[in-house]
Amino acid sequence: MVLLFGYVRPQKSELLVREYEEYGGIYCTLCRRLGKDYGVAARLALSYDGTFYALLLLSVSEKSSFDFFGGRCVANPLKKCLYCPDEGPEFASASALTVILTYFKIRDDIEDSGFWRSLSFRLVLPIASRARKKAAKRYPQMDKAVFRSIQLQEQIEHQKFAGIDACAEPTAEMLAEVFELAARERDGPLSPRVRVFHQFGYYLGRWTYLMDAADDLEADIQNHSFNPFVQKFQLDLHSHQQDLDRTRSYINQTLNGTLAKLGAAADLLDCNQFGSIIRNVVSKGLPQMQKERLFKKETRNVRSL
């Protein structure tokens with residue numbers, strides 16, 4: 001399930017100074033909006049994924065340009081930050097999506113952890129639940145889209161032979177629907193942007209799910225947890241390095257194919273000043289994240305974990 005994994009971020013070394021500052025300004029503005037809408041604790045849910053969603057919505061805003069102003073960090077007054085002066089519907093939608101996904105992530109962590117490890121999650125669950133209910137009242141369709149995908153994901157992963165495409169489908173469709181809802185609300189149901197946002201969300205969701213499965217490959221083998229790639233290649237604690245290398249090669253090709261389709265959808269976006277940051281994320285940030293997470297463990301053997 002695509003639950004705020006933090007994979008969707010730019011490659012900062014390739015950003016211009018102006019772009020880096022603008023991205024940081026959007027990140028800090030979302031943090032402040034989370035606190036205003038859902039309480040101080042909600043700021044802990046701040047993520048790169050939510051920031052990218054806000055960035056995407058801002059990139060197709062009717063405003064052609066945005067100016068940022070300096071201020072103090074709401075969490076650390078000694079730190080200076082940039083903020084977007086207009087905390088409009090883009091940030092409201094991004095903060096709602098953030099708390100909704102965070103609630104389901106906490107619930108998922110509780111189910112996947114033992115009693116003692118889950119205690120910290122259980123303590124914050126009531127706070128997350130209240131925030132989620134508040135967000136669901138404001139964005140009921142968004143909440144329903146996430147909830148449906150959670151249910152479908154659980155059903156698919158309990159099947160004996162769940163294919164990789166089937167496993168990635170709930171997350172892909174969830175982000176496709178969430179992105180499409182944003183385009184419908186802004187431009188109307190007949191706008192060409194609705195289909196572009198749908199495709200963009202679909203392939204971003206698919207990539208994120210598969211990337212998380214790849215990142216957790218060794219841990220899932222060791223813990224006997226569900227993983228579509230483990231199932232496909234019948235990996236276990238006795239698998240050798242060549243088995244893992246063969247699996248990673250397959251995963252890399254699959255992810256590259258998804259990135260190519262995501263890039264094609266991104267090329268159809270008509271963006272303002274933030275378009276260059278969007279392109280950085282899609283063409284540089286995601287491939288870099290894929291390389292780091294997929295091949296950082298390539299010399300390890302499952303049994304050495």
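Axes here are lines fitted to C-alpha atoms, for helices over the stretch in contact, and angles run from 0 to 180 degrees between N-to-C directions. The model is predicted: local features need pLDDT of at least 70, side-chain atom pairs count only at pLDDT 80 or more, and totals for chains, interfaces and linings use all residues. Residues are numbered from 1 along each chain as its sequence is written, and side-chain values use heavy atoms, with hydrogens and water left out.

**Exercise 1.** Determine how α5 and α6 are oriented and which residues join them.

Solution.
- Helices (H or I, at least four residues) and strands (E, at least two) are DSSP runs, numbered from the N terminus. Helix α5 covers residues 140–157 and helix α6 covers residues 164–187.
- The two axes are 9 Å apart, at an angle of about 175°. Therefore α5 is roughly antiparallel to α6; the classes are roughly parallel under 35 degrees, roughly antiparallel over 145, roughly perpendicular from 65 to 115, and oblique for the rest.
- Contact means heavy atoms within 4.5 Å. On the α5 side the residues are Q141, M142, A145, V146, R148, S149, L152, Q153 and I156; on the α6 side they are A166, C167, P170, T171, M174, E177, V178 and L181.
- By class, 11 residues of this contact are nonpolar, four polar and two charged. Ala, Val, Leu, Ile, Met, Phe, Trp, Tyr, Cys and Pro count as nonpolar, Asp, Glu, Lys and Arg as charged, and the others, Gly among them, as polar.

**Exercise 2.** In the loop between α8 and α9, decide whether N227 and H224 are buried or exposed.

Solution.
- N227 lies in the loop between α8 (217–223) and α9 (228–233), and H224 is found in that loop between α8 and α9 too.
- Buried means under 20% relative accessible area, exposed over 50%, and partly exposed in between (1.4 Å probe, protein chains only).
- N227 has 2% relative accessibility, so N227 counts as buried. H224 has 66%, so H224 counts as exposed.
- Not counting residues up to four places away in sequence, N227 touches A213, D216, L217 and D220.
- H224 is not a glycine, yet has a positive phi of about 60°.

**Exercise 3.** Identify the residues that touch the most other members of the largest nonpolar core, and the helix that gives the most to this core.

Solution.
- A nonpolar core is a set of buried Ala, Val, Leu, Ile, Met, Phe, Trp, Tyr and Cys residues joined through side-chain atoms within 4.5 Å.
- The largest one has 89 residues, of which Y53, F179, F200 and L204 touch the most other members.
- Helix α7 (residues 192–215) gives the most to this core, with 13 residues.
- Leaving aside neighbours within four places in sequence, L204 is in contact with V8, F52, L175, F179, L262 and L286.

**Exercise 4.** Place Q273 and D86, and state the accessibility class of each.

Solution.
- Q273 is found in the loop between α10 (241–266) and α11 (275–295). Its relative accessibility is 18%, so Q273 counts as buried.
- A polar atom of the Q273 side chain lies 2.6 Å from the backbone nitrogen of F66.
- D86 lies in the loop between β2 (80–83) and α3 (89–112). With a relative accessible area of 36%, D86 is partly exposed.
- D86 touches K63 and F91, not counting residues up to four places away in sequence.
- The C-alpha atoms of D86 and F226 are separated by 43 Å, the two being 140 residues apart along the chain.

Notes:
Polar contact = N/O pair within 3.5 Å; in protein donor to acceptor, adjacent residues only side chain to side chain.
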